[in-house]
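I opened this notebook to keep track of what I looked up in the structure, entry by entry. Each entry takes up one element or one group of residues.

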Amino acid sequence: MRHLTDSERLRRVDAKVTHQRLLLGLERLWHAAQLPLLVAGIAFALVASGLLLELPQLAQASLLAAGALAFLAALVPLARLHWPTVRDAMRHVEQHQAIDHRRLSSVKDEVAAELVHPTVDALWDEHKRRLLAGLDRLKLKWPRSHWREFDPRALRVAVVMACVAAFFLGPNDLASNLRESARLAPEKPAIPLMLDAWLKPPVYTGRPPVLLTNPQLQEKLASGAGIEIPEGATFTMRLAGASEPTVAFMASDGLTPLSDVNATTASRETAFTAEAKISRPLTIVVSDGGKALAHWPITTIPDQPPALQFMEKPSGDTRGNLTFKWKAADDYGLKKLSAALDLADEQEGGMGFESNGVFLYDPPELKTVLKRGNAREETGTSRFDLASHPWAGLMVNLSLTVTDGAGQTAAAKPETFKMPERVFVKPLPRALIEQRKQLILFPERAIHVGKLIDTMALYPKGLVEQSAPIVAMGAIASRLRNVKGYDDIKLAVGELWELAVALEDGALADAKAELQALKDELEKALKEGAPPERIAELMKRLREAMNRYLDAMREEAERRMQQGDLQPQDRQQQGREITREDLEKMFDALEELSKGGANDLAQQLLEELNQLLQNLEPGQNRQGADGQGDMDQMMQGLGDLMRRQQRLMDETQRMPGQDGDHQNGEQFGQGGQGSDGQDPNGSGDLSERQKELRRMLDQLRGRSQGQMPDELGEAGEDMDSAADALRDSDREGALEQQGEALDKLRKGARELAERLREQGQGEAEGQARDGEGRGGEEDPLGRPRATRNPDDGPREDMVPSERSLQRAREILETLRSKANERGLSDSEKAYIDRLLRGLF
């Protein structure tokens, strides 16, 4: 065996010392990394398991901050770590192998420079040889963990198990959990490309919006069809997720850009929006960075101007009431109708006037109201009491103008006619009216007219029964004799009219004036949004004034009958009967509308009520007491029959079907109770009640002496079939036959009403329509029919349902309570105040 030289031995020792130095450095590094690894393991388990993501944002941020601080604190030992030196490695080996006298570390010792000598050098070399000879079997010491001293409770095991479990069982993937945990704010989701666009027609057209991104519309466009929209529609678009969104308005060819389309665009963080008004045919192109997303060819439908015409020449009656019929139409709907009068150039006595007195007075105000809002076609009759106007008896021009929802107007061809004036029968009122005309036409003759009125007061015997008119005549005559200007003349003209009417009508004139004044006051209160208490008070006073007016009219009719001024044929020509009950119903409807806050409908109904009252004549409300003809009674009976048939059909609808229990159906029929739990007709089961209606129809046909239409006979056969179906508990068959019977009853009623109209019995027609009830104005499903004559007076459905009224009251009470709350901002108070004013 070869012996190692001293140099080889030294190199081997150096190699082992180097290895030991590395092992010692790894031991120190592992010992310093134990705490950071433990903190990192806990953090890894929380993140990988998803528990950190389940915490609230504040708690999550707090834990992240605490973990970061703990990890930084754990890195302190690593920051203080020193890599072992050669001598540290040698001492470590000496301690591990119990080498005494520092024999390993002494190998690297050297002789001091001041002791260098050949003898010393030889002695030192021999010393090192002996040291190296004892280090041939030098062993390295492997690193120690120190976990036992650092973690005596073995928490590291739980951390490792938690990390393994979180890694394999945690939600999502590890990378996404790490990203979500490190994100303090929620990640903004990627916005997908989404396009919404629609065309909204003008509100007055009543047409629904067109959704341009609708799949059905896309299929229609793919087939080559276009999009038709009313002119003036609004295009609205919203594009999300686009990088470079643009919208272009091109000509119909899709190539030429249009510069006259005023579009408003806005780019926000999440979406691009655009809005434009479409007034011409064009093509809309939506793109994103040069890539076309949508292409919509649009064709506009022009808004035609409305049409208006007089149906007949305006006419008047002996009471000074003006009546004219008109017809208006528009492609989308009528909004406003206005009428105006002005003096004609050519009068009965020639061209113009001899004096300018007639021009002192303003034209009469003609308030016209469309009966149906936004109607496409409407035919109506307007009536106005113009008897008191100074122009009464002169030639005038009547202009009629209609406006549609778009603001377009149309005017009917003006009509020239003599403005109606009231005819006075008594001598003294007639003479006063003659002097009034002179005062209107020739105001310069005021003194002369005053003297003539004085002369009339000298001989009042047989003309005036009380002294009050004499005093009034004297006051008017004194004013005219001492006239100071046109104001005195205009005041005298008004006083002469009031005096003449009072002498002619007596108490009726005062009652009518009171009624008109209260009507004007109530109309003003509705327009200005007066409190409900004020409106209720005016309603009560107006109702009382109406009753006094009707009583005065009845007394005047009796007086005229005694004097022979009112003949029966005059009363037959009065037209449709207006009874006190009809007016009471209108007042009830008006009161309900005002309570519910529907002021617009209330004003419309008030105007119709005023027209009815103004057109009443003494004796007209006695028509109902004089009885009606047999045909009228048949119409009433037919209307009652249709109401009962409709009620029976409703109850048949609630029967169990054929697939249900027949026994239950029979039990339902026993008693025939309606929805209120009572038998409205007092008959037996449904089948027997159907047979009873059949007998009622036979009785009506028997009284008609062959004048009934054939449809009523066919209706009787359908009733028999319905009775058989009800007996067999065949609900569907019974409903079908009842529907046929009800439809034929309506057709027969309309034909009979047409016969009565041709015979001049317009009242029976009105009663026929009123008698139809649900059968006349509504179909079996309760929907309104289009067979109502607009001149029949107020509709029954003008009053909203009780549910709608209750809902309106609840909204009003909520707004009132909200307005009284404290702490509201000025904008909130102003908003609630506007809502309240609008509702009232």
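Before I read off any strand partners, I note the rule that I rely on: two strands count as paired if DSSP finds at least two bridges between them. I also note that the model is a predicted one.

**Entry 1: the open sheet**

I began with strand 4 (residues 233-240) and strand 7 (residues 271-278), which run antiparallel and are joined by eight bridges. Within this pair I found T234 standing opposite K277 of strand 7. Both strands belong to an open sheet of five strands, for which I wrote down the order 2-1-4-7-6 with antiparallel pairing. At its edges I found strand 2 (210-211) and strand 6 (263-267), each of which pairs on one side only.

**Entry 2: strand 8 and its neighbours**

I then asked how many of the residues of strand 8 (residues 282-288) are buried. Seven of the seven are, so I recorded strand 8 as largely enclosed by the rest of the structure. When I separated the two faces, I had L282, I284, V286 and D288 on one side and T283, V285 and S287 on the other, and I saw that both faces are covered.

Turning to the partners of strand 8, I found strand 5 (residues 245-250) paired with strand 8 in the antiparallel sense over six bridges, and in that pairing T246 stands opposite S287. Strand 9 (residues 291-301) also runs antiparallel to strand 8, and seven bridges join the two; here P297 is the bridge partner of T283. I further noted that strand 8 and strand 9 make a hairpin with two residues between them, and that G289 in the turn has a positive phi of about 60 degrees.

**Entry 3: a positive phi in a loop**

Another positive phi that I looked up is that of S729, a residue other than glycine, where the value is near 60 degrees. I located S729 in the loop between helix 23 (710-727) and helix 24 (731-758), and with a relative accessible area of 7% I recorded S729 as buried.

In helix 24 I also looked up R750, which is partly exposed at a relative accessible area of 33%. R750 and M635 are 115 residues apart in sequence, and I have their C-alpha atoms 10.0 Å apart in space.

**Entry 4: helix 8 and its two sides**

For helix 8 (residues 155-169) I compared the expected span with the modelled one: at 1.5 Å a residue its 15 residues should span 21 Å, and the end C-alpha atoms are 21 Å apart, which agrees. I listed V159, C163 and A166 as the buried residues of helix 8. They cover an arc of only 70 degrees around the axis, and therefore I place them on the same side of the helix.

On the face turned away from this buried side I found the exposed residues V160, M161, F168 and L169. I checked L169 separately: at 72% relative accessibility it counts as exposed, because the cut-off for exposed is over 50%. I also noted a nonpolar surface patch formed by V160, V164, F167, F168 and L169, with about 580 Å² of accessible area together.

**Entry 5: salt bridges**

I counted 20 salt bridges in the model, and I followed up several of them. In one, the side chains of E377 and K327 meet at 3.3 Å, N to O. E377 lies in strand 16 (residues 377-385) and K327 in strand 12 (residues 321-329), so the pair ties together parts that are 50 residues apart in sequence. I recorded E377 as partly exposed at 42% relative accessibility, and K327 as partly exposed at 28%.

In another salt bridge, I found the side chains of D454 and R481 at 2.0 Å, N to O. With D454 in helix 12 (residues 446-458) and R481 in helix 13 (residues 468-481), this pair ties together parts that are 27 residues apart in sequence.

I looked next at D698 and R694, whose closest N and O atoms are 3.7 Å apart in a salt bridge. Both lie in helix 22 (residues 686-703), four residues apart, about one turn of the helix. Are the two buried or partly exposed? D698 is partly exposed at 34%, whereas R694 counts as buried at 18%.

Last, I wrote down a network of salt bridges that links E348, K418, E421 and K437.

Methods: Residues are numbered from 1 along each chain as its sequence is written. This is a predicted model: local features need pLDDT of at least 70, side-chain atom pairs count only at pLDDT 80 or more; totals for chains, interfaces and linings use all residues. Side-chain values use heavy atoms; hydrogens and water are left out. The expected span of a helix is 1.5 Å times one less than its number of residues. Buried means under 20% relative accessible area, exposed over 50%, partly exposed in between (1.4 Å probe, protein chains only). The arc is that of the directions from the helix axis to the C-beta atoms. Patches are made of residues with over 30% relative accessible area and no salt bridge: like charges are joined within 9 Å, nonpolar side chains (Val, Leu, Ile, Met, Phe, Trp, Tyr) within 5 Å. Accessible areas come from the Shrake-Rupley method with a 1.4 Å probe; for residues, only the protein chains shown count as cover. A salt bridge is a side-chain nitrogen of Lys or Arg within 4 Å of a carboxyl oxygen of Asp or Glu.
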